[in-house]
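Let's take a walk through this protein together, starting with the whole chain and then zooming in on a few residues. Have a look at the picture first, then read on.

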Amino acid sequence: MSTGITSLSKLTEVTTVYPFAGLEVPLTLVTIGFVVLFFVWQVAMEAKHHKAIIGSFTASPAE
C-alpha cells in the first residue's frame with residue numbers, strides 16, 4: 001500500500017492520509033461513552049454478585 005508521497009518537498013500540500021478523517025471527536029466520544037457504560041454495567045454485576053455472596057452470610061456481633 002502506498003500513499004503516493006515520494007518526497008517531503010510538497011509536504012504542505014498533503015492533506016488527509018488516513019481513513020475516517022474528521023471523525024476523531026465523535027469516535028472519541030463514542031469510545032468514552034462505551035467505557036463509562038461498561039464500568040457502570042461491571043459495577044452493577046459485581047454488586048449483585050457480592051450481595052448474593054454476603055446475603056447468605058450471617059455474623060453475630062462481636063462481644
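How much of the protein chain is buried? Of its 63 residues, buried ones make up 0%. Keep in mind that this is a predicted model. The protein chain exposes about 6,300 Å², and carbon and sulfur atoms supply 70% of that area. As for secondary structure, you'll find one helix and zero strands.

Now go to the segment before α1 (24-55), where Phe20 sits. Phe20 isn't a glycine, and yet its phi is positive, at about 65°. Is Phe20 buried or exposed? Its relative accessibility is 62%, and exposed means over 50%, so Phe20 counts as exposed.

Next, let's hunt for aromatic rings that pair up. Searching the whole structure turns up two aromatic pairs. One of them joins Phe38 and Phe39: their ring centres are 5.8 Å apart and their planes meet at 65°, so this pair is edge-to-face. The cut-off behind that label is a plane angle over 60 degrees.

Phe38 also pairs with Trp41, with 6.2 Å from centre to centre and 55° between the planes, which makes a tilted pair. Where do Phe38 and Trp41 lie relative to each other along the chain? They are three residues apart in helix α1, so about one helical turn separates them.

Put the ring pairs together and Phe38, Phe39 and Trp41 are linked into a cluster. And how open is Phe38 itself? Its relative accessibility is 36%, so Phe38 counts as partly exposed.

Note on methods
Residues are numbered from 1 along each chain as its sequence is written. This is a predicted model: local features need pLDDT of at least 70, side-chain atom pairs count only at pLDDT 80 or more; totals for chains, interfaces and linings use all residues. Side-chain values use heavy atoms; hydrogens and water are left out. Helices (H or I, at least four residues) and strands (E, at least two) are DSSP runs, numbered from the N terminus. Buried means under 20% relative accessible area, exposed over 50%, partly exposed in between (1.4 Å probe, protein chains only). Accessible areas come from the Shrake-Rupley method with a 1.4 Å probe; for residues, only the protein chains shown count as cover. Rings of Phe, Tyr and Trp (its six-membered ring) pair if their centres lie within 6.5 Å; planes under 30 degrees apart count as stacked, over 60 as edge-to-face and the rest as tilted.
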